[in-house]
Every structure is written in C-alpha cells, then in structure tokens.
Amino acid sequence: MQGSMMMRPLKIADILSYAAEIHPLSEVVSVRTEGDIHRQTYAGTARRVAKLAHGLVSQGMQTGDRVATLAWNGYRHLELYYAISGAGGVCHTINPRLSAEQMTYIVNHANDTMLFVDTTFVPLVAALRDQWPAGLKVVVMTDRDHMPEGDFLCYEELLDGQSDSFDWPDFPEDTAAGLCYTSGTTGNPKGTLYTHRSTVLHAMMVGLSLPTALQPGKRILPVVPLFHVNAWGLPYAAPLTGASLIFPGGALDGESLFRLMDNEKVYSAWGVPTVWLGLQGEITKQGRMPEGLGDMVVGGSAAPASMIQFFEEGDVNVCHAWGMTEMSPIGTQGNLPDHLNDKPMAERIAIKSKQGRRVFGVDLKIVDEDGKRLPHDGEAAGELYVRGNAITSGYFENEEANKTAFDADGWFGTGDVATIDTHGFLTITDRAKDLIKSGGEWISSLDLENTVMAHPKVANCAVIAVPHPKWDERPLMIVVPSPEGKPEVGDLMDMLKEHFATWQLPDDVVFVEDLPMTATGKVSKLTLRKQFGDHKLPDA
Ligand code: ADP
C-alpha cells in the first residue's frame, strides 16, 4: 500500500533559498584571484546566483547541458554550483592538477558547452582550447577590469543587469546536477554523475554526522577543493546548517592558511593530510594555534597518528573521515562516541587513527576473494564494498568500467581493503586498486608502467607507492632493462612527460634484474612494496 505524503522532489536550489531565508547573514568569505578578500552573505549569494542563472540561460544553457568549472575555492565557484544545477544544467568541476591529456579527454567526454575559469587557468585554457568541443564558450571568473585578451566572456558582465530572483524550475529529483571525474587504475578518468536527490541527501547526512562544525555561527574553511568531489559536500551542508564558508583561493601553504584562519576565526578546517602538515609547520614556527580553531576534518589519505596527536594536544578535535568521489564523497567520520571520548589521550589517538564509523545512508561490507562477507571483528580484512543513497550506480557513459565496478548484488567495490571493528570503526589496511595517492591526488601506476614499457630498453617495469613525509605517497619506478642495455632515466622521463603532469612523474627509478611474480603470473606489488618500503627517495 502506498503512503499518502507529498512527493516534493529534493532540489539543490532549495538549499540556498533556505539559507537565504533562515541564515541570511551567515557569510561566504573568499580570498580572490584579484588579490583581496571578498565578503558576501548567503542572502547576497542567493541574489547573485539568480542573476547568474539568468546569465546562463541568456547564453543558451539548456536542461542537461554540462557546464564546466576550472577554478579555486571562492564565492563565484560556489555561485556556479547553485546557478548551473538550479537552472537544470550539470555543474562539471574539473581538477586543474590533471595532465593536459586527461583534461582534454574529460572536457570532450563530458561534451561541455561552457567553461568557467579563474584567471590563473586562462593560459592553460588558451593552450588546449583547439582540442576541446568547437563552440565551447569560455567565461573568465572576474570583472571587466581584470579580463585577459582573447575570445572570452566576462563573469561579472553575465550578471550585470539581470534580475536577482529566478523561478527555479521543478524537475524529477534524480535529474543530473553535478559531474566529477576521478582517475582510474588505468586508462581514462571516469565520471560520477550526481543527482539533485543524492546531493541534498548527502548534505543532510554530512550535517547530521558532523554537527559540531555545521551549525550557525561556526566558520568553516574548506581547503579541500571545490574541484575535488564537491569539497566533501561543504558547499551544500554549510548553507543548509547556517555555518559560514571561508574560501582560501589558491594559496594553500601553511603560512597563508594560518593567516586566513587567524583573521577569520575559522572554527573548523577540512582538507587532506599534506595540507595540514604545512599548517603544522607554521603552528610550530609561531608557537600557537590559529585563533578560534577547535575542529578539523582530515581525509583523502590516511591521517598519521602523529598529526592527530599534534592537533588534539592543541585542543583541536580531529575527525578522520574516509570517502570517495563515487560516494559524494563522505562514507565514514571519526568523531568518538561519548563512551570512548573519555579515554586517555593515547587510546583516543589510536581510535581516531582509524577511518571512523559509517554515516547514515552508507552501508559497508567487507568480503573475501570469493565475495563472502567477513565479520566486523576488527581482525578480518577484506575488500570494502558500499551501497547507499548518495553512491554512484554507474559511471557516466562508460559501459566498460561499469562491467566491473559492482558486485552481483549491486554493491560498489571501493578498491580499498579494510577491517571493521565491533564498534563499527573502519580501518583501511591496504589498497587493492593499483594507484598512488600523492597529496590527495591520484597517480596511476599502470599508466606509468604502460608508457615506459614502449621503450625498447625496458623489458619489464613496476611502479609502486613509497611512503613520503610530505605527500603521503610518491611513485617509485622499478625497471628491468632489456638485453640491449639500460635505458637512460632522462629518456624515460621524457616519454612520461608527454602524458603526465609533472607532479605525477616518478621520484626515482631503480633497476633490477627481475620482478617478483605471484602464483598467477602477475608482478607481486605486495613483495615489491615490502622490498622497497624503506627506499629513500631523493627529496624525502
Ligand atoms: P577523496 O580524495 O575526496 O577521498 P577520491 O575518490 O579521490 O576521493 O579517493 C578515494 C580514495 O582515497 C579511497 O578509496 C581511499 O583509497 C583513499 N582515502 C580517502 N580517505 C582516506 C582515509 N581517511 N584514509 C585512507 N585512505 C583514504
């Protein structure tokens, strides 16, 4: 029997309309590419978003059109999130750290009709534009005074003269709203296509799960980029709950972040461990914490226990979170339940070093090689599968990837190996996917290997992650030379430079006589990681 309640579709536009009415004075503060600090309220943001939506429609944006962004964290980027999806388009955030080749693949695969760029990325766009869809309109996110030369539209001019109210259309809640590509283990990046429903539910899940940070009067710094998995949901969860957003722009070094946090009295800061290492250095230099800092969310890579301890000893509550692009992304959060919060510091740090407990709307299971469920006893380790209300049901137009992404029951395979303890705490123990995560960004070992294998003097090659104090992991390339002799390292790097961004290149190359093999005839990365786990990289 069907219930008889209203079926109002969940819509992203309703989040900002709500914030403008209920939390009108909460702020959006941004370090701008123009060099100054910009401030506006949620009420002001809603008015500008309406103007922008009119601007998008006047440029011909149609329902379902992909409109891309290549931008830092700032108020204009936030406005695009709401205006594009609110008016029926799909906000496609592009990671500017990707190689030119990957970026070009993404823009063409998404078939973007418009692209909004910060001035920083104008030279990059100019260099690649002729490989992107013909007719792609490029809008520079600045005012007339700061516009570059060339065939570009001006963001502020799109808003000029437009009405500051917009009649947000209704559409089914499973309408596409956002698109974000993540690097695969091999081949091209894969797109996760978020819906209005998944985005609104995820915002509520995040708000419910992290209530200390997400409330009126609290000021949150998303260092996690808007171009990387919706900045972990903050652009939606903060307006929904009334917390203010403090956007850092492109300056993410410890000194700049410390200054901004201090000046803006940031209460909660969200980002990857590499960023917090930089901040840690600045805190040590200054001999104090930034004023007002009381909470931080760390994820994207495992947060080291020493980092958690450093901040906890400075009276900052550290919440270690885990998630994925395909999960919107928050899967777990590490705030301690009351009965564990009173434990001595050492015990609390040990628990906080785990990846936390699932948030509502996310189911977790660990399975053995035959797909059989393993117990949640903190001992059994297996591949982690997830299902839930804000988890992908299939990559965007990518049948090939979808064939292997899910198990027979429709659960999504994360490629992480984990244990889950009796309290529900997840611990990521290993990674089944052959990827390296450096400073929160992916490098595909397989793609590096495949590229250098084309060199006549390379008989075999394996790339593994080696622990690095700053970047968490960095690639080490292990090469078996062919009988013709050893290849020049410089030649290998030149080959790689054609396809990879500079930061994705291996830090070191070592030569060996042969590679260890598994029983099934594959290179045993496990053995290599043990063998080279202590390898000293040149700049580590
Ligand atoms: P994000 O970096 O925002 O979490 P990605 O989709 O780029 O999203 O990466 C997801 C992957 O990153 C996970 O499958 C896992 O391998 C790794 N990861 C994310 N958070 C953590 C964490 N807290 N500890 C260990 N690994 C993590």
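Colleague: Where do Glu400 and Lys403 lie, and how many residues apart are they?

Modeller: This is a predicted model, in which local features need pLDDT of at least 70, side-chain atom pairs count only at pLDDT 80 or more, and totals for chains, interfaces and linings use all residues. Residues are numbered from 1 along each chain as its sequence is written, and side-chain values use heavy atoms, with hydrogens and water left out. Helices (H or I, at least four residues) and strands (E, at least two) are DSSP runs, numbered from the N terminus. Glu400 and Lys403 are about one turn of the helix from each other, both in helix 14 and three residues apart.

Colleague: How far apart are the closest N and O atoms of the Glu400 and Lys403 salt bridge?

Modeller: A salt bridge needs a side-chain nitrogen of Lys or Arg within 4 Å of a carboxyl oxygen of Asp or Glu. An α-helix has 3.6 residues a turn, so residues three or four places apart point the same way. Between Glu400 and Lys403, the closest N and O atoms of the salt bridge are separated by 3.0 Å.

Colleague: Are Glu400 and Lys403 buried or exposed?

Modeller: Buried means under 20% relative accessible area, exposed over 50%, and partly exposed in between (1.4 Å probe, protein chains only). Glu400 has a relative accessible area of 56%. Lys403 comes to 60%. Glu400 and Lys403 are therefore exposed.

Colleague: In helix 10, which partner of Lys285 in a salt bridge is buried?

Modeller: Lys285 and its partner both lie in helix 10, three residues apart. Lys285 has 63% relative accessibility, so Lys285 counts as exposed. The partner has 7% relative accessibility and so counts as buried. The salt bridge, with N and O 3.6 Å apart at the closest, is between Lys285 and Glu282.

Colleague: How many residues lie between the positions of Asp407 and Lys365, counted as residues apart?

Modeller: The side chains of Asp407 and Lys365 form a salt bridge at 2.8 Å, N to O. This pair links distant parts of the chain, with Asp407 in the loop between helix 14 (399–405) and strand 20 (412–420), and Lys365 in strand 18 (residues 362–367), and the two are 42 residues apart. Asp407 is partly exposed at 21% relative accessibility, whereas Lys365 is buried at 4%. The separation in sequence is 42 residues.

Colleague: Which side chains make a polar contact with the side chain of Glu34?

Modeller: Glu34 sits in the loop between strand 1 and strand 2 and is buried, at a relative accessible area of 18%. A polar contact is a pair of N or O atoms within 3.5 Å; within protein, one must be able to donate a hydrogen and the other to accept it, and residues adjacent in sequence count only if both atoms are side-chain atoms. At 3.1 Å the partner of Glu34 is Arg76, and at 3.0 Å the partner is Thr142.

Colleague: Asn73 reaches two backbone atoms with its side chain; which residues own them?

Modeller: Asn73 is in the loop between strand 3 (66–70) and helix 3 (75–86), and at 4% relative accessibility counts as buried. Contact means heavy atoms within 4.5 Å. Beyond four places in sequence, the contacts of Asn73 include Val223, Val224, Pro225 and Phe247. Its side chain reaches a backbone oxygen at 2.8 Å, that of Pro222, and a backbone nitrogen at 2.6 Å, that of Leu226.

Colleague: How many of the 11 residues of helix 9 are buried?

Modeller: Helix 9 spans residues 254–264 and is mostly covered. Its buried residues, among them Leu257, Phe258 and Met261, pack against elements including strand 1 (27–31), strand 12 (268–271) and helix 10 (273–286). Just after the helix, Lys265 takes a positive phi of about 50°. The buried count for helix 9 is eight.

Colleague: What percentage of the exposed area of the ligand does the protein bury?

Modeller: The ligand has 18 residues around it, each with a heavy atom within 4 Å. Among its polar atoms, a nitrogen is 2.9 Å from the side chain of His320, one oxygen is 2.7 Å from that of Thr325, and an oxygen is 2.6 Å from that of Lys433. Taken alone the ligand exposes 540 Å² (Shrake-Rupley method, 1.4 Å probe), and the share buried by the protein is 96%.
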